[in-house]
Each structure stands twice: as structure tokens, then as C-alpha cells.
Number of protein chains: 2
Amino acid sequence: MLGATGSVGGSTLDLVGRTPHVFKVVALTAQRSVEALAECASRHHAEVAVIADASQYNALKERLSGSGIEVAAGASGLIEAAERPADCVMAGISGAAGLGPTMAAVRQGRRVALANKECLVSAGEIFMEAVRRAGTELLPVDSEHSAVFQVLATAEPDAIERIILTGSGGPFRTWATDRLARATPEEALRHPNWSMGRKISIDSATLMNKGLELIEAYHLFPVEADQLDVVVHPQQIIHALVAYRDGSMLAQLACPDMRTPIAVSLAWPMRMDAPTKRLDLVDIGQMNFERPNEQRFQALGLARQAMQRGGMAPAVLNAANEVAVEAFLGKRLGFLQIAQLVAETLELAEAKGLLGEATDLDGVLAADASARRLALNVLRKERLPPVH
Amino acid sequence: MLGATGSVGGSTLDLVGRTPHVFKVVALTAQRSVEALAECASRHHAEVAVIADASQYNALKERLSGSGIEVAAGASGLIEAAERPADCVMAGISGAAGLGPTMAAVRQGRRVALANKECLVSAGEIFMEAVRRAGTELLPVDSEHSAVFQVLATAEPDAIERIILTGSGGPFRTWATDRLARATPEEALRHPNWSMGRKISIDSATLMNKGLELIEAYHLFPVEADQLDVVVHPQQIIHALVAYRDGSMLAQLACPDMRTPIAVSLAWPMRMDAPTKRLDLVDIGQMNFERPNEQRFQALGLARQAMQRGGMAPAVLNAANEVAVEAFLGKRLGFLQIAQLVAETLELAEAKGLLGEATDLDGVLAADASARRLALNVLRKERLPPVH
């Protein structure tokens with residue numbers, strides 16, 4: 001379990017803890033939460049606990065002394081944890097920090113349950129090439145991709161006509177452009193269906209989240225970019241659909257609870273219990289569907305262009321978006337300017353020849369860093385007035 | 001193709017005719033439409049054409065003379081057609097007449113695409129025992145059961161929590177009881193989504209159709225009676241759903257066109273083209289779900305009871321319903337009296353000890369005949385006044 005103290009980690013350990021006779025926890029890692037990591041490692045009898053922040057090594061060592069649990073730290077500790085013999089590696093470290101350990105697990109041929117976005121968004125081509133080479137199985141944990149995975153099963157690529165990801169449309173779905181221009185972080189953080197972290201809540205409000213998911217789906221599933229689509233579905237009961245050449249559409253539905261897709265990834269092709277609220281269609285009563293408004297929510301179109309452009313474009317898009325979201329949360333950027341900053345960064349990166357093919361993880365990390373610098377420059381130069 | 005000139009036959013041959021290099025038609029059968037059968041047999045280069053009505057043998061023989069197509073007739077001709085070497089037998093003869101030929105195909109170990117209701121409703125236990133014994137594959141063609149089949153795939157029985165069949169609710173979904181009492185055959189024949197035969201349209205209006213489908217699902221899929229449910233979904237876009245123990249629900253959606261489930265059954269586990277209207281969720285815009293009203297539509301509860309009762313109860317239910325629907329169409333019975341006649345027939349049959357275990361097809365056919373006599377007796381004795 002890479003990233004044991006985060007939200008995916010917590011949900012995974014909740015499930016694992018309910019059937020300890022079925023699961024054996026090998027390794028648990030965390031960024032810097034020594035106490036939470038030590039507590040998880042003790043409760044689940046992990047073999048090894050790894051703290052990414054090497055300066056916390058002694059604190060963790062001390063906290064677990066006498067427990068019989070090995071302790072390691074730093075980037076090499078994460079890699080070592082990812083490479084330990086195990087039936088499945090849950091890749092739950094978010095951000096670029098997850099790239100190295102997740103790739104290490106793939107290279108060892110481990111079955112990987114993937115909850116890290118950057119592996120596919122920023123390093124999609126390299127990552128999927130490693131998956132193919134290792135002949136390993138990749139199980140997406142994101143609810144939309146898990147939905148596609150479940151109804152795609154063993155379908156031949158030529159059986160598939162389209163893949164449709166659904167999205168709630170975010171808290172600003174019905175807002176007009178002038179109101180969007182004045183939207184505050186507080187308003188953006190009120191997601192209608194899921195309780196999520198701050199970054200992903202803003203991405204959900206801009207629809208960049210759906211855009212990044214399109215890029216992930218493009219790498220995960222055997223379809224071309226123009227076979228991927230997004231439909232706004234405010235109730236977010238249906239998470240994704242696959243359309244087949246015989247007119248059938250298969251879909252997965254579930255109440256919003258990460259434990260469902262996590263359980264799918266842990267047990268596949270079997271099913272395991274997940275103590276989630278069951279879906280009652282009669283209770284729900286109604287489902288709605290509409291086209292996303294790409295005029296008002298330009299992030300979606302930008303992501304689609306980056307997906308079609310390929311190379312380093314998605315990595316640059318993602319990095320610029322992170323800078324923009326942070327600036328928005330810090331009230332240094334207006335809501336509509338998030339997409340604007342991303343677009344300008346992509347243009348600058350293109351002009352500087354930074355959108356070429358990705359050849360290795362270091363190249364991706366370098367592109368990511370360059371994009372952040374470019375985005376910060378734009379932010380500074382344009383002196384975008386604080387809007388709140 | 002058993003039943004080549006009916007609605008399932010027509011749709012099947014439409015699909016087959018589009019890829020003649022993939023399909024070879026072995027045998028075609030029809031009840032009595034010599035001209036239509038001869039035309040199909042010639043167009044699809046069948047090896048043999050069989051007319052069930054033996055008195056039409058010479059007419060068919062003459063019509064196909066010189067074509068090189070063999071001609072046969074009668075019950076034995078149907079059985080012989082069903083037993084011919086073939087990769088798949090499409091069992092599209094409706095009613096009790098389909099039992100013998102479909103069972104013959106199963107016993108030969110043929111993969112059977114099943115579009116006959118009686119095999120499962122009236123003879124479910126016997127039929128499924130024959131399927132198990134022959135180790136053959138059964139592919140349901142009914143849109144609801146095809147939907148379940150597609151999202152059940154290779155799931156272990158203990159992975160499944162519930163199976164939900166959807167229904168439009170019929171043309172009288174919103175009608176109050178007093179209005180239902182005066183409903184005419186003309187009104188009942190106006191089905192909101194599908195253009196269907198008269199019998200099935202009435203069954204759709206009473207919800208008996210959904211009840212019979214529950215019984216079919218009970219035999220087809222590895223669930224107990226209390227794991228089966230019906231949800232009213234007026235748009236009938238989602239045809240069925242399977243709920244799994246991890247909180248996932250998988251569903252199949254499609255525009256109402258029999259060619260989709262037929263294509264699924266012909267190509268499974270591959271997919272083949274079907275020239276059907278594609279589903280556009282944004283066009284549809286909205287889906288609704290409600291609980292069926294079993295007070296107003298008592299046929300559903302009767303079917304559920306017969307399913308739980310087992311033995312000959314479903315066969316008796318089905319036979320009594322056919323008598324009742326015919327009487328309703330002939331304006332000799334009111335709409336609400338359809339369920340009433342079925343309920344009274346079941347009670348009489350129970351009292352006469354006619355609901356015991358089914359041991360063979362002849363026993364089922366005898367129960368069917370007895371139930372029809374009982375139902376006609378009730379109809380006559382009670383002198384139910386013509387209501388229109």
C-alpha cells in the first residue's frame with residue numbers, strides 16, 4: 001500500500017481490516033505522518049513501514065521499536081517497498097511523487113491497483129509501455145475508470161464504439177460566465193456528491209478533473225481519442241459507460257464511496273464485500289444527463305487538445321493546472337483564469353519546444369518542472385489582479 | 001432458426017443477411033406461412049425449410065422445387081431441424097409449440113439463443129436440468145435477460161446480491177383503479193416504447209410480462225427468488241441491472257430494438273455490428289425509476305408467488321393468463337379481471353393437486369391443458385359480464 005495514510009489508503013485498509021484472514025499487509029508507506037503510519041502498520045501487522053520524508057526516519061524507528069515491523073525511509077525506501085513480493089500493489093501516492101514507486105511495482109510485474117493520476121496523465125506513454133513490457137495487470141481505482149474496466153472486461157478492442165465518462169458538472173454547473181468570474185475558492189470547494197481534497201474539488205469545479213480522466217482513459221483502454229466522451233450527470237450514479245458495436249451500452253452504477261472501486265481492484269475478477277450504502281434506484285428516482293458546456297468550462301477542451309497532441313502536452317497541462325489551482329486557492333487568480341493560465345502555459349511550452357515525446361520518467365519530471373516555472377512566470381508577469 | 005417468419009426470426013435474418021460471409025443458414029422453420037418461409041429459405045440459401053403445419057407440406061415442396069432446398073413438415077420435421085449440426089440454434093418459436101424443438105436442440109448440445117418464454121416459464125426446472133446435463137450454453141434473447149447476461153458474464157454466484165429487471169410500467173402506469181376497470185383492449189395495445197404483438201402488449205399492460213420475466217430470470221441466473229426485483233423505468237433505456245456485493249451495479253442500456261440482444265446472442269463473447277439507433281444519453285436527458293404498484297397490477301405478485309411455489313404453478317399461471325388475455329381481447333373480460341381469473345385458476349389447480357413437481361415435458365403440456373380448461377370453466381361459470 002503506497003500512500004497508506006491518504007484517502008485511498010484509509011479506504012483500502014478499512015476493507016482489508018474487515019477480512020484480515022484474506023489479506024496480508026506487506027508494506028505501508030506515508031509521506032510524513034509518522035504517528036498515523038505507525039498506527040496503521042501495527043494494526044495491520046505490516047512487514048515494513050516506510051516514511052518518504054527521510055528526516056522522520058528516527059521518529060518512526062522509535063515509534064515502532066519492539067514491534068517487529070521493519071522501518072525504512074526516503075525515495076529508495078519507497079521503491080524497496082514497491083518491489084517487495086506481493087500479489088497486489090495499491091498505488092495510492094498522489095502527485096509526481098507516486099511515479100517512481102508505482103513504476104517500480106510495474107517493472108517487478110506486480111498487479112497494480114492504480115490510484116495515482118500522474119502515472120497516466122503525465123507519463124502515460126512511458127507508463128503503459130512499462131505495463132505492456134512487464135505483462136502485468138493494471139486495475140484502475142478511480143471510480144470512472146473502474147466503471148469502464150468492469151464493463152469492458154475481455155471485450156475485443158474492435159467491439160468498442162465509445163467510452164463515456166460521466167461527471168457531476170461540479171458546483172458551478174448552472175452558473176453563468178459572469179458569475180463564474182467571481183467564484184470563490186469556498187464556493188468551489190462545495191462539491192455536490194463527493195467529499196474530496198481541495199485540489200481535486202477545484203478540478204471538479206473547472207471540469208479539469210474530467211479532462212485529466214479523459215487522458216487517463218485514453219491510455220488505459222483500447223480506444224482512440226475521438227471515441228472518448230464526457231457526459232454531465234448531476235446525480236453521478238452512473239460512473240461510466242461503454243458503447244458496443246451491436247448497440248449495447250454497459251454501465252457501472254454505485255453510490256459515491258471509494259471503497260467500491262477499491263474492492264473491485266483488490267478482488268478482481270472475484271468480488272469482495274464492501275460495506276457501502278447500496279444503490280436504490282427508486283430512492284434516487286431520477287437521473288439526468290446533459291452535454292458539458294465547453295465554452296464556460298474551457299479546461300475540458302484544453303485537456304482534450306493535450307490528449308490529442310500527446311508527448312509532453314498532458315504533463316505540461318497537469319503541472320500548469322496545479323500552479324493555477326494553488327493560485328486560485330490563494331486568491332491570486334480568478335476562477336476563469338485557471339484555464340487561461342493553463343492555456344497560456346501550453347502555448348509558451350509549445351513555442352519553447354517543450355512538448356516533444358516523453359522518453360523516460362526523468363524527462364517527464366523535467367517537463368513538469370519547466371511547466372511549473374512557465375506558469376509561475378505567466379502568473380507573475382501578467383500581474384493578474386486578485387479578484388476577491 | 002426455429003420460427004423464421006416471426007418477429008425474432010425477421011430480426012435475426014436481417015442481421016444474418018448483412019454478413020452472409022460470416023453466417024451460414026442451416027434450417028428455417030415456420031408455422032404455416034409457406035410463402036414467407038420459402039422466400040427466406042431461398043434468400044438465405046438454407047439447407048432445409050420446415051413447415052410445422054403438415055398440411056402445407058406439398059405447397060412448400062412445390063414452391064421450393066428446383067431450388068435444391070430440402071423440405072420437411074410437422075413436429076418431427078421441427079425436431080429434425082433443431083437437431084441438424086449447427087453452431088447455434090435460434091429458438092424463436094413462441095408458445096408451447098416451441099418446447100419440443102428447443103429441448104431437442106439443447107439435448108444435442110447445441111448453443112441455444114432462447115427467445116421462447118415457455119421453456120423457462122412453464123418448463124423451467126426440466127429445461128434447465130437438460131441444459132446442465134448437455135453442458136450447453138444458453139443465451140437469452142429477451143432484452144431484459146440479455147442485459148443481465150451481458151453484465152453477469154463470469155461472475156461467481158456468491159458475488160451477486162440482486163438482479164433487477166426494469167419495465168416501462170405499461171400504458172396504464174399512472175391510471176387509477178377505477179379507470180383500469182374500464183380499460184379497453186385498444187388502450188392496452190398502445191405500448192409506450194416497443195411495437196409488439198397483441199398478447200405481449202396486454203401482458204405489458206398488466207405487468208404479467210414482468211412477472212413471467214422474473215420466473216425466467218429465476219431459472220436462468222444463479223439467484224434465489226428473493227434476490228430478484230422489478231423497477232419501473234418508463235423510458236426503458238436501462239433493461240436490467242446486477243448488484244454485486246461490493247456495491248457495484250452493472251447495467252445494460254440500449255434503444256428498444258430486438259436486433260441488439262439478438263446480435264449479442266449470435267456473436268457472444270464477441271460483438272457483431274447491429275444497425276440499430278445508438279443511445280444518446282444527452283438526447284434522452286432524463287431517466288426515471290419508481291416502484292411497481294402491485295395493488296393495481298396484481299399479476300406481478302401472482303407471478304412472484306408462482307415462482308416461489310415452483311412445480312407446475314408457473315405453467316398454470318401462464319396458461320390461465322393466455323386464456324384471460326384472449327378473453328380480454330375478445331371483450332369477454334375486464335382488464336382487472338385478467339389477474340383475477342389467473343388467481344382463481346391457480347387456487348382451483350392447487351385444490352385439485354395440479355401444482356406438483358414437473359417431471360417431463362408431457363407433464364408440463366398436460367398441466368398447461370388442464371389449466372386452460374379450468375380457466376375457461378371459471379370464465380363460463382362466473383358469467384363475467386362483458387364490460388365494453
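The legends below describe several close-up views of a predicted model.

**View 1. The model as a whole and its largest nonpolar core.** This predicted model scores ipTM 0.95 and pTM 0.95, and chain A averages a pLDDT of 95, with 97% of its residues scoring at least 70. The largest nonpolar core has 206 residues, and those with the most contacts inside it are Phe127(A), Leu317(A), Phe127(B) and Leu317(B). In soluble globular proteins, nonpolar side chains tend to be buried together.

**View 2. The surroundings of Phe127(B) and Leu120(B).** Phe127(B), one of the residues with the most contacts inside the largest nonpolar core, touches Thr102(B), Met103(B), Val106(B), Leu114(B), Cys119(B), Leu120(B) and Leu138(B), when residues up to four places away in sequence are not counted. Leu120(B) lies in helix α6 of chain B, which covers residues 118–121, and because its relative accessibility is 1%, Leu120(B) counts as buried. Leaving out residues up to four places away in sequence, Leu120(B) touches Leu114(B), Phe127(B), Met128(B), Ile215(B), Glu216(B), His219(B) and Leu220(B). The C-alpha atoms of Leu120(B) and Ala366(B) are separated by 16 Å, while the two residues are 246 residues apart along the chain.

**View 3. An aromatic cluster in chain A.** The structure holds 8 aromatic pairs over all chains. In one of them, Phe172(A) and Phe335(A) meet edge-to-face, with 4.9 Å from centre to centre and 85 degrees between the planes. Phe172(A) lies in the loop between β7 (160–167) and α9 (177–181) of chain A, and Phe335(A) in the loop between α16 (313–329) and α17 (336–351) of chain A, so the pair ties together parts that are 163 residues apart in sequence. Phe172(A) and Phe335(A) are both buried. Ring pairs link these two residues with Trp175(A) and Phe328(A) into a cluster.

**View 4. Charged ends over aromatic rings.** Which residue has its charged end over the ring of Trp175(A)? It is Arg179(A), whose charged end sits 3.6 Å from the centre of that ring. In another arrangement of this kind, which involves residues of chains A and B, the charged end of Arg271(A) sits over the ring of Tyr244(B), 4.1 Å from its centre.

**View 5. Strand β9 of chain A and its partners.** Strand β9 of chain A covers residues 238–244 and is joined to β10(A) by 5 bridges, the two strands running antiparallel. Another 5 bridges join β7(A) to β9(A), and these strands also run antiparallel. Ala240(A) is the bridge partner of Leu165(A), and Ala240(A) also stands opposite Gln252(A) in β10(A), while Leu241(A) stands opposite Ala251(A) in β10(A). Because 7 of the 7 residues of β9(A) are buried, this strand is largely enclosed by the rest of the structure. The hairpin of β9(A) and β10(A) has 4 residues between the strands, and in this hairpin Gly247(A) takes a positive phi near 95 degrees.

**View 6. Strand β10 where chains A and B meet.** Strand β10 of chain A, residues 249–253, is mostly covered, with 5 of its 5 residues buried. Both of its faces are covered, since the buried residues include Met249(A), Ala251(A) and Leu253(A) on one side and Leu250(A) and Gln252(A) on the other. To which strand of chain B is β10(A) joined by 5 bridges? The partner is strand β10 of chain B, residues 249–253, and the two strands run antiparallel. Within this pairing, Leu253(A) has Met249(B) as its bridge partner.

**View 7. Two helices with buried residues.** In chain A, 10 of the 10 residues of helix α8 (residues 143–152) are buried, so this helix is largely enclosed by the rest of the structure. Among its buried residues are Glu144(A), His145(A), Phe149(A) and Leu152(A), and just after α8(A), Ala153(A) takes a positive phi of about 45 degrees. In chain B, helix α11 (residues 198–206) has Ser201(B), Ile202(B), Asp203(B), Ser204(B), Ala205(B) and Thr206(B) buried. The buried residues of α11(B) pack against α10 (185–188), α12 (208–220), α15 (298–309), α16 (313–329) and α17 (335–351) of chain B. Helix α11(B) is followed by Leu207(B), whose phi is positive, near 75 degrees.

Note on methods: Residues numbered from 1 in each chain as written. Chains lettered and ligands numbered in written order. Predicted model: local features only at pLDDT ≥ 70, side-chain atom pairs only at ≥ 80, totals over all residues. Heavy atoms only, no water. Core = buried A, V, L, I, M, F, W, Y, C linked by side-chain atoms within 4.5 Å. Buried < 20%, exposed > 50% of the residue type's maximum accessible area, 1.4 Å probe, protein only. Contact = heavy atoms within 4.5 Å. Phe/Tyr/Trp six-rings, centres within 6.5 Å; stacked < 30°, edge-to-face > 60°. Lys NZ or Arg CZ within 6 Å of the ring centre and 35° of its normal. pLDDT = per-residue confidence, 0-100. Pairing = 2+ DSSP bridges.
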